[in-house]
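Me: I have a protein structure on my screen and would like to learn how to read it. Can we go through it feature by feature?

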Amino acid sequence: MKILYGYSNCTDKKYNEIFKDKSVAVLQPDQKYHGLLIKGLAKNGADVYCYSGLPINRNVTKKLFICEKDEKEEGISYHYYRTINLPVFRQAMIMLGATKAVKRHKGEEKTVIICDCLNRSNAMGMVKGAKKRGFPVIMIVTDLPDYQFDGGKTAEKYNQLLDKADGYIFLTEQMNEKVNKQNKPYIVLEGHADYALPTIRQSEKYENDTGKKVVVYAGSIAKLYGIQNLVQGFILADIPNTELHIFGDGDYREELEEIAKTSDNVKYMGVRPNSEIVYAEQRASLLVNPRPSEPEYTKYSFPSKTMEYMVSGTPVLTTKLPGIPKEYYPYVYTIDKETVDGIGEKLKEIFALPVMLRNEKGEKAREFVLENKSNVVQARKILNFLEENY
């Protein structure tokens, strides 16, 4: 099967080149999400062609003309549209490039288009080209336009684009209820873990290396994600010989920096490359996601950090988000009371357990996602879905 994959990213090598002049080349979640899925599709024998306008704007580079060479990596072809780095011109050229790219593909091999619905210009061009060639278009929906763009005309345009799809890949079942009014074929895949992530030696764990038990949070430190409750709950728990390390940026940063100045066991680690964060997650004693479960948007999201956390082999503590299926809960610890006191109590409860039991929890979580949710396994489900429906 031939897959034409439309998104706004690139190979990891190209990504690092683009951001080489930045102080920290932060790996954006969509770069990791799509990169792993593309590799998973190729590992399952699909003939994958990727089309992108690159993750570039005037903040990333002042170059006016963007003309990057095509690449081939691990059997996957990557084509980057030529664009002028000015907003209106850039989007128009991406759309035109996508249309032409789809029209170029001929042959008897079954061809399906998969595209990121949030990369609108690329998706629109691919939809237009698909009509000429008769290819089905499957849209990946990682976030709902109504929440991503806070309603209004922009969200409406994205929703109109979603209606043009022939099928969908959703993160949660609730997304289907919201988007798929015409009952088109769909599949729910919460995300995917990196099947190739190597394990680390037990001697590298902070608990074994430095004697410190380290709790890690990595992601946006926006207040709406419950980061304040985590920090205050951790301080309240007052667990001996334990530190809280927080990676990321957001509107809680300045307050967090002040707390870190006066609290020896709360460390703000700043924004770091994903490779450093993943290694810190592997070395930690516990990984936490304190995101509140009440907001409506949580029905339509599956935090990418959940997969990254679980595949690390370190035990995970999370709230019971509506978008997380029940099959995950035997493999993680859960926050039952989403308050400062509730988080503090749960942390004390977990660290009262023998280290062997905690490590076993983390290892079972890793085994579960690698066997059932790796990028290779999830990509195989997508290809089976395409074979059955198109």
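**Reading the fold, step by step**

Reply: Gladly. Keep in mind that this is a predicted model. Begin with one pair of strands. Strand 8 (residues 137-141) and strand 9 (residues 167-170) run parallel and are joined by four bridges.

Me: Which residue is the bridge partner of Met139 in strand 9?

Reply: Look across from Met139 and you find Tyr168, its bridge partner.

Me: What is the order of the strands in the open sheet?

Reply: Read across the sheet, not along the chain. The order is 4-5-2-1-7-8-9-10. That makes eight strands, with mixed pairing.

Me: Which strands stand at the edges?

Reply: Look for strands with a single partner. Here they are strand 4 (71-73) and strand 10 (186-188), so each has one side without a neighbour in the sheet. Now check the twist. On average, neighbouring strands of this sheet are turned by 20 degrees against each other, direction ignored.

Me: Which strands does helix 15 touch?

Reply: Helix 15 (residues 375-389) packs on the sheet. It touches strand 1 (2-7), strand 7 (111-116), strand 8, strand 9 and strand 10. The directions of helix 15 and strand 10 make an angle of about 160 degrees.

Me: On to cysteines. How many disulfides does the structure hold?

Reply: Zero. To judge a pair, check the distance between sulfurs. A disulfide needs them within 2.5 Å. The cysteine sulfur closest to that of Cys10 belongs to Cys50 and is 10 Å away, so it is too far for a bond. Seen from the other side, Cys50 is in no disulfide, and its nearest cysteine sulfur is that of Cys10.

Me: Is Cys10 buried or exposed?

Reply: Use relative accessible area. Under 20% is buried, and over 50% is exposed. Cys10 has 3%, so it is buried. Cys50 has 1% and is buried as well.

Me: How many salt bridges are found in the whole structure?

Reply: The search finds 21. For each one, ask who the partners are and where they lie. Take Lys32 and Glu308, whose side chains meet at 2.6 Å, N to O. Lys32 belongs to helix 2 (residues 29-43) and Glu308 to helix 12 (residues 304-311), so this salt bridge ties together parts 276 residues apart in sequence.

Me: What about accessibility in that pair?

Reply: Lys32 is partly exposed at 24%. Glu308 is buried at 15%.

Me: How do I read another pair?

Reply: Ask the same things again. The side chains of Glu204 and Arg201 form a salt bridge at 3.8 Å, N to O. Glu204 counts as buried, at 17%. Arg201 is exposed, at 58%.

Me: Which residues do salt bridges with shared partners join into one network?

Reply: The network consists of Lys14, Glu17, Lys63 and Glu68. Within this group, Lys63 and Glu68 meet at 3.9 Å, N to O. Lys63 is partly exposed, at 44%. Glu68 is partly exposed too, at 23%.

Me: Last one. Where is Lys364?

Reply: Place a residue in its element, then check its surroundings. Lys364 sits in helix 14 (residues 355-372). At 43% relative accessibility, it is partly exposed. Now compare chain and space. Lys364 and Pro315 are 49 residues apart along the chain, and 8.9 Å separates their C-alpha atoms.

How values were computed
Residues numbered from 1 in each chain as written. Predicted model: local features only at pLDDT ≥ 70, side-chain atom pairs only at ≥ 80, totals over all residues. Heavy atoms only, no water. Pairing = 2+ DSSP bridges. Helix = DSSP H or I, 4+ residues; strand = E, 2+ residues; numbered from the N terminus. Axes fitted to C-alpha atoms, helices over the stretch in contact; angles between N-to-C directions. Contact = heavy atoms within 4.5 Å. Buried < 20%, exposed > 50% of the residue type's maximum accessible area, 1.4 Å probe, protein only. Salt bridge = Lys/Arg side-chain N within 4 Å of Asp/Glu carboxyl O.
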